[in-house]
Amino acid sequence: MMIHTCVALRPCRPPLISSSKSTLQRPPNCKFSVRNCIRDPNNSQKLVMEVKEKLEKEYYDLPIGENGRDDEDMILWYLKDRRFSVEEAIAKLTKAIKWRQEFGVADLSEDTVKSIAKTGKAYVHDFLDVNDRPVLIVVASKHLPDVHDPRDNEKLCVFLIEKALSKLPAGQEQILGIVDLRGFGTKNADLSYLTFLFDVFYYYYPKRLGEVLFVEAPFVFQPIWQLTKPLLKSYASMVKFCSTETVRKEYFTEETLPISFRD
């Protein structure tokens, strides 16, 4: 798997809010706002229950349990992603739940992706970065779209995202993506796979990828980036081109630095 321009569902805690009191008062007829919802957990919970009840009535055939239609943590995450719009959250959430079921996310395991994982094209690092984020590393030069089965690439991608999210420590909600572009060539470019990644991160793992490092991007990568950058939209702001030295000094300690960046 290669995330050429990699651009991130699990429980999240409410954002920290300043304890200072505001002198402004909400007018009696003022509509519900994102700020009010964030500041009052009761408002958030009311919306969660509203979404949960609607899903039970209108989408009763969707699975229940973890990552199902009655998963309150998942519902809250999608409400936050859609700025607490009930209808928008339901639309995006139902799409995600159906996709997880059809793709077979729950069936993915080390064994099911063993063959493609052996290529070393991507893996989850054993240590967190200095910001306590799980790290998903992609080795661009090992992604060969003409050799590897596209479906296997997609399964590995989703499995590794799930694995990285399972390593989130308390209080952390996002992961770090590192794309090692050393040795990248045109044979590694894969626009169809890039389209798959857009869908995965926007629809199914919204706001889970906090930052993406493009390490040692060669000249041949520049035209590919110019072509794909407009497609990324807001995700493009997450991308940072950097050197291996930057990775070593700014993102890891000497003990937690990935082996491939020690040279």
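What follows is a short tutorial conversation on reading the fold of this predicted model.

Me: Where do I begin: how many helices and strands are there in the protein chain?
Reply: Happy to start there. Since this is a predicted model, treat everything below as a reading of that prediction. The protein chain has 9 helices and 5 strands. Along the sequence, their pattern is α-α-α-α-α-β-β-α-β-α-β-α-β-α. Of the 263 residues in the chain, 46% are buried.

Me: Now the sheet, please. In what order do the strands lie, and what is the pairing?
Reply: The general idea is that strands of a sheet pair through backbone hydrogen bonds, either parallel or antiparallel. Here, 5 strands make an open sheet with the order β1-β2-β3-β4-β5, and the pairing is mixed. At the edges are β1 and β5 (239-242), each of which pairs on one side only. Leaving direction aside, neighbouring strands in this sheet are turned by 20° against each other on average.

Me: Could we zoom in on one pair? In what sense do β3 and β4 pair?
Reply: Strand β3 (residues 175-180) runs parallel to β4 in this pairing, which extends over 6 bridges. To find your place on screen, look for leucine 176, which stands opposite glutamate 211 in β4.

Me: And how many residues of β4 are buried?
Reply: A useful idea to hold first: in a regular strand the side chains alternate between the two faces of the sheet. Now for this case: strand β4 (residues 209-215) has 6 of its 7 residues buried, so the rest of the structure largely encloses this strand. Helix α8 is part of the picture too, as it lies across β4 and β5. Relative to β5, α8 runs at about 170°.

Me: Let's turn to the helices. How is a packed pair described?
Reply: Two numbers do the job: the angle between the axes of the two helices and the distance between those axes. Take helix α7 (residues 191-204) and helix α8 (residues 221-232), which pack at about 20° with their axes 11 Å apart. That angle makes α7 roughly parallel to α8. The crossing of α7 past α8 is right-handed.

Me: Which residues of α7 and α8 meet?
Reply: From α7 come Leu191, Leu194 and Phe198, and they meet Leu227, Thr228, Leu231 and Leu232 of α8. Sorted by class, this contact of α7 with α8 has 6 nonpolar residues, 1 polar and no charged.

Me: α7 also packs on α4, I think. At what angle do their axes cross?
Reply: The axes of α7 and helix α4 (residues 86-103) cross at roughly 125° and come within 9 Å. That makes α4 oblique to α7. On the α4 side you will find Lys92, Lys95, Ala96, Trp99 and Phe103, meeting Phe196, Val200, Tyr202, Tyr203 and Tyr204 on α7. The classes in this contact of α4 with α7 are 8 nonpolar, no polar and 2 charged.

Me: What about α3 and α4: how far apart are their axes?
Reply: Their axes are 9 Å apart, and α3 and α4 pack at an angle of about 125°. So α3 is oblique to α4, and α3 passes α4 in a right-handed crossing. Met74, Ile75, Tyr78, Leu79 and Asp81 of α3 meet a set in α4 made up of Val86, Ala89, Lys92, Leu93, Ala96, Ile97 and Arg100. This contact of α3 with α4 counts 9 nonpolar, no polar and 3 charged residues. Lys92 and Ala96 of α4 appear in this contact and again in the contact with α7.

Me: One last topic, backbone angles. Which residue in the loop between α2 and α3 should I look at?
Reply: Go to asparagine 67, in the loop between α2 (41-58) and α3 (72-81). Asparagine 67 is not a glycine, yet its phi is positive, at about 65°. With a relative accessible area of 12%, asparagine 67 is buried.

Me: And aspartate 132: where is it found?
Reply: Aspartate 132 sits in the loop between β1 (122-124) and β2 (135-139). Its phi is also positive, near 65°, in a residue other than glycine. Aspartate 132 is partly exposed, with a relative accessible area of 43%.

Conventions:
Residues are numbered from 1 along each chain as its sequence is written. This is a predicted model: local features need pLDDT of at least 70, side-chain atom pairs count only at pLDDT 80 or more; totals for chains, interfaces and linings use all residues. Side-chain values use heavy atoms; hydrogens and water are left out. Axes are lines fitted to C-alpha atoms, for helices over the stretch in contact, and angles run from 0 to 180 degrees between N-to-C directions. Helices (H or I, at least four residues) and strands (E, at least two) are DSSP runs, numbered from the N terminus. Angles under 35 degrees count as roughly parallel, over 145 as roughly antiparallel, 65 to 115 as roughly perpendicular and the rest as oblique. A crossing is left-handed if the near helix is turned anticlockwise from the far one by less than a right angle, and right-handed if clockwise. Contact means heavy atoms within 4.5 Å. Ala, Val, Leu, Ile, Met, Phe, Trp, Tyr, Cys and Pro count as nonpolar, Asp, Glu, Lys and Arg as charged, and the others, Gly among them, as polar. Buried means under 20% relative accessible area, exposed over 50%, partly exposed in between (1.4 Å probe, protein chains only). Two strands pair if DSSP finds at least two bridges between them.
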